[in-house]
Amino acid sequence: MTAAAAAPFRFFPLQVVRTRRLGPSLIRVTFGGEALMDFASGGRDQSLSLFLPHPGQHAPVLPAPQDSSTEAMYATLGAWRALPADERAVMRSYTVREQRPGAGEHGEMDIDFAVHEDGGPACRWAQRASAGDRVTVLGPAVADNTAVRFRLPDDADSVLIWADETALPAASAILEWLPAGIRAQVWIEVPHAGDRMELATAAEATVTWLVRDEGAPPAVEAVRAAELAGSAPYAWIAGESGAVKALRRQLVNERGLDKRRVTFVGYWRKGLSEDALRETPDDAS
């Protein structure tokens, strides 16, 4: 096997197939393209890096990789970072909501974008996206990859999930992946009542929607008031960094969960762009 064939992550040039409004705060963008034939999502909370054009650009400005090797991937990222900030492609992290290899000519992939009035460049791009728009994705070429964070322990008999609207796509995909028989306690925090949606799962799931417009309690209070199910729970919490850290402290310090059984991901932080968040040291204590 060659180095190029073994590389777990590669660049995939894609284009928009269609868009769909899911609710006040979510837009689903469906992507296609021949490159998707080699894309291999691991499901659950599979993340990727999405490179977007600036307004007025026909395609994202990103140096072309020399091949599909890991070395070429890092070289391309280095060359991209060296470009002027107002020229190089905008890069943001997103979750694969669903990959459908059998759809269309080469397969399809959905990404759900959380949008709001004062959103950043990716939010604005999603609101005006249309069929044919070009993007580049740095994503998995093998399904078992390190960009899947949700890892259910073999002995887990229950799952606790908390997500805000930015992590709702990942939480939805996780619920679809969960096997029958396992119990799931789920809290989803969203801005508006219209953001509620049906969440498909074979698990024995209890879903609580925390709607901010309706005065829902903060995440920490909502979870603290609940009795955790099962004798060997596993927790996955993702969304705004401050809320995620507070929940993790509650689960580990107050509830006594083994910190190795709590997966936590700060997708964003109040007052910071993703670029600034990447440059800010993370305090996981």
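These are my notebook entries on a sheet, a helix and two loop residues in this predicted model.

**Entry 1: the sheet**

I started with the strand order. I found an open sheet of 5 strands, running β10-β9-β8-β11-β12 with parallel pairing. Which strands stand at the edges? They are β10 (204-211) and β12, and each has a single partner strand, so one side of each is left without a neighbour in the sheet. I also looked up the twist, and it averages 10° from one strand to the next.

Next I checked what packs on this sheet. Helix α4 does, touching β8, β9 (183-190), β10, β11 and β12. I get about 155° between the direction of α4 and that of β8. Helix α6 packs on the sheet as well, with β8, β11 and β12 as the strands it touches. For α6 the angle with the direction of β11 is about 160°.

**Entry 2: strand β11**

I then zoomed in on β11, residues 233-240. Is this strand mostly covered or mostly open? Covered: 8 of its 8 residues are buried.

On one pairing, I see 6 bridges joining β8 (residues 158-164) to β11, and the two run parallel. A handy marker for the register is V159, which stands opposite Y234 in β11. The pairing of β11 with β12 (residues 262-268) is parallel too, again with 6 bridges. Here my marker is A238, standing opposite V265 in β12. A reminder to myself: strands of a sheet pair through backbone hydrogen bonds, either parallel or antiparallel.

I also traced the connection from β11 to β12. Together with helix α6 (residues 241-254), these strands make a β-α-β unit, and it is right-handed.

**Entry 3: helix α2**

I did a quick length check on α2 (residues 70-82). With 13 residues at 1.5 Å a residue, the helix should span 18 Å; I get 19 Å between its end C-alpha atoms, which agrees.

Which residues of α2 are buried? My list is A72, M73, T76, L77 and W80. Looking down the axis of α2, I see them fall within an arc of 140°, so they line one face of the helix. They pack against β1 (9-23), β3 (47-52), β4 (90-95) and β7 (134-140). On the face turned away from that buried side I noted the exposed residues E71, Y74, R81 and A82.

**Entry 4: E165**

E165 sits in the loop between β8 and α4 (168-177). I wondered whether this loop residue counts as buried or exposed. Its relative accessibility is 10%, so E165 counts as buried, the cut-off being under 20%.

What is E165 in contact with, once neighbours within four places in sequence are left aside? I found L26, A114, E189, V190, P191 and R212. I also looked up F113, which is 52 residues from E165 along the chain; their C-alpha atoms are separated by 9.1 Å.

**Entry 5: R44**

Last, a backbone oddity. Most residues other than glycine have a negative phi, and most peptide bonds are trans. For R44, though, I read a phi near 55°, a positive value in a residue other than glycine. R44 belongs to the loop between β2 (26-32) and β3. At 13% relative accessibility, R44 counts as buried.

Notes. Residues are numbered from 1 along each chain as its sequence is written. This is a predicted model: local features need pLDDT of at least 70, side-chain atom pairs count only at pLDDT 80 or more; totals for chains, interfaces and linings use all residues. Side-chain values use heavy atoms; hydrogens and water are left out. Buried means under 20% relative accessible area, exposed over 50%, partly exposed in between (1.4 Å probe, protein chains only). Helices (H or I, at least four residues) and strands (E, at least two) are DSSP runs, numbered from the N terminus. Two strands pair if DSSP finds at least two bridges between them. A crossover is right-handed if, with the strands pointing away from the viewer, the path from the first strand over the helix to the second runs clockwise. The expected span of a helix is 1.5 Å times one less than its number of residues. The arc is that of the directions from the helix axis to the C-beta atoms. Contact means heavy atoms within 4.5 Å. Axes are lines fitted to C-alpha atoms, for helices over the stretch in contact, and angles run from 0 to 180 degrees between N-to-C directions.
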